[in-house]
Amino acid sequence: MLQFLVLAAAVLSQGSMTAPPAKPVVTETSPLPPIPPSAKIVLDRITSHFAPLPGVKLTAKHRIEAPNKRILHENMREIVIIKPNKIKITQDGLPFLVCDGVDAWTAPKQGTTYDELKAPATMPGCITEFHALGNGGVAGSGGLVAALLSPNAIGELLKEVDAVSAIQKGADDLLILRIGPDSKRLREGLRLGIFVPRDGDPWPSQLDVIPPGAEVFTRITFSNWSVSNALTTSFDKPVITAPDGTFNPGLAAPKSNAKPADTTPTKKKPAGS
């Protein structure tokens, strides 16, 4: 039984952002888990959509939710990721991660002095180096998007995954990934639920990150997807806007005392349906 997959729908604006189909590069360097035909269809569809894109721009709403549906913490991220290694993420209007392809600046756990480091050369390197993307893997908004923009998208999505499945939920396909016991980046038993609309462009609409036996889970809803390139975004070094060492509540991690509860996989209906 899937733990904690309480999954809400997000209505995406498709517009005219249809990209020409393309075959993703598949050059696995490690064995992939068994992929059932239903999951392969979803994986092929989404990775083929992202393969020809130079980069993307989107909005991601992060919510940490308790079993009683109480919202413990919420933030909004504006994300721009450009191949092969440019990234700009703001959280609630504050610079969170900037990588110009040569240098990178990451928000500290506390304070306003950004940590500076050399940029990894590849998108998989960025996923591993910048834990703000997805805890070193695809368990976050930036990690998922960076994996989809990687040269070997399927291999990056399924790295350290030991079980893959797909089911239909309303108008969406739900791709479910389980992190295996040999994972060095993410917790064993972690489940990722990725919603992909069945009609129109396969921009992911939602990602749920559910730890095993979790007291809380993270729900990320995606919107405002568009194709982007490096010419339309500034990747300048973030500007410090408060005294050095000042605690920045916009970058603070929330604490939770919520207790666990069992739920069954559900999909909320859009308003007015």
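This is a short walk through a protein structure, from its overall make-up to a few side-chain pairings.

Okay, thanks everyone. One thing up front: this is a predicted model, so keep that in mind throughout.

Let's start with the whole chain. The protein has 5 helices and 13 strands. There are 273 residues, and buried ones make up 49% of them. On the outside, about 12900 Å² is exposed, with carbon and sulfur atoms supplying 55% of that area. As for how the chain folds back on itself, take the contacts with a separation of 6 or more: 61% of those come from residues 24 or more positions apart.

Now the inside. As a reminder, nonpolar side chains in soluble globular proteins tend to be buried together. Here the largest nonpolar core has 58 residues. Which of them touch the most other members? That would be Phe50, Val56, Ile87 and Leu175.

Let me pick Leu175 from that group. It sits in strand β9, which runs over 172-179. If we skip the neighbours within four places in sequence, Leu175 is in contact with Ala39, Val42 and Leu43, then with Val164, Ser165 and Ala166, and also with Leu192, Gly193 and Ile194. You can match those to elements on your screens: helix α1 covers residues 37-50, strand β8 covers 161-169, and strand β10 covers 191-197.

Phe50 is also worth a stop, and for that we need the aromatics. There are 4 aromatic pairs in the structure. In one of them, the ring centres of Phe50 and Trp225 are 5.8 Å apart and the planes sit at 80 degrees, so we call that pair edge-to-face. Phe50 is in helix α1 and Trp225 is in strand β12, residues 217-227, so this pair ties together parts that are 175 residues apart in sequence. Both Phe50 and Trp225 are buried.

Trp225 has another partner, Trp203. Their ring centres are 5.0 Å apart with the planes at 20 degrees, so this pair is stacked. Trp203 comes from the loop between β10 and β11, so with Trp225 in β12 the pair ties together parts 22 residues apart in sequence. Trp203 is buried, as is Trp225. Put Phe222 into the picture and you get a cluster: ring pairs link Phe50, Trp203, Phe222 and Trp225.

Phe222 brings me to the next stop, helix α4. How many of the residues in α4 are buried? The answer is 8 of 8, across residues 141-148. Going along the helix, that means Ser141, Gly142, Gly143, Leu144, Val145, Ala146, Ala147 and Leu148.

Look at Ser141 in particular. Its relative accessibility is 0%, so it counts as buried. What does Ser141 touch, if we don't count residues up to four places away in sequence? Phe222 from the ring cluster is there, along with Ala60, His62, Arg77, Ile79, Leu133, Leu207 and Ile220. Take Ala60 from that list: Ser141 and Ala60 are 81 residues apart in sequence, yet 6.7 Å apart in space, C-alpha to C-alpha.

Last topic, charges. In general, side chains of opposite charge can pair when their charged atoms come close. In this model the count is 11 salt bridges. One is between Arg185 and Glu156, with the closest N and O atoms 3.6 Å apart. Arg185 lies in the loop between β9 and β10, and Glu156 is in helix α5, residues 153-157, so the pair ties together parts 29 residues apart in sequence. Glu156 is buried, by the way, with a relative accessible area of 5%.

Arg185 also meets Glu160 in a salt bridge, again 3.6 Å from N to O. Glu160 is in the loop between α5 and β8, 25 residues from Arg185, so we have another link between distant parts of the chain. Is Glu160 buried or partly exposed? At a relative accessible area of 22%, Glu160 is partly exposed, because buried means under 20%. With Lys159 added, Glu156, Glu160 and Arg185 form a network of salt bridges.

One more and I'm done. Arg178 and Asp162 form a salt bridge, with the closest N and O atoms at 2.9 Å. Arg178 is in strand β9 and Asp162 is in strand β8, so the parts tied together are 16 residues apart in sequence. Arg178 is partly exposed at 31% relative accessible area, and Asp162 is partly exposed too, at 30%.

Note on methods
Residues numbered from 1 in each chain as written. Predicted model: local features only at pLDDT ≥ 70, side-chain atom pairs only at ≥ 80, totals over all residues. Heavy atoms only, no water. Salt bridge = Lys/Arg side-chain N within 4 Å of Asp/Glu carboxyl O. Helix = DSSP H or I, 4+ residues; strand = E, 2+ residues; numbered from the N terminus. Buried < 20%, exposed > 50% of the residue type's maximum accessible area, 1.4 Å probe, protein only. Contact = heavy atoms within 4.5 Å. Areas by Shrake-Rupley, 256 points an atom, 1.4 Å probe, with all protein chains shown as cover. Core = buried A, V, L, I, M, F, W, Y, C linked by side-chain atoms within 4.5 Å. Phe/Tyr/Trp six-rings, centres within 6.5 Å; stacked < 30°, edge-to-face > 60°.
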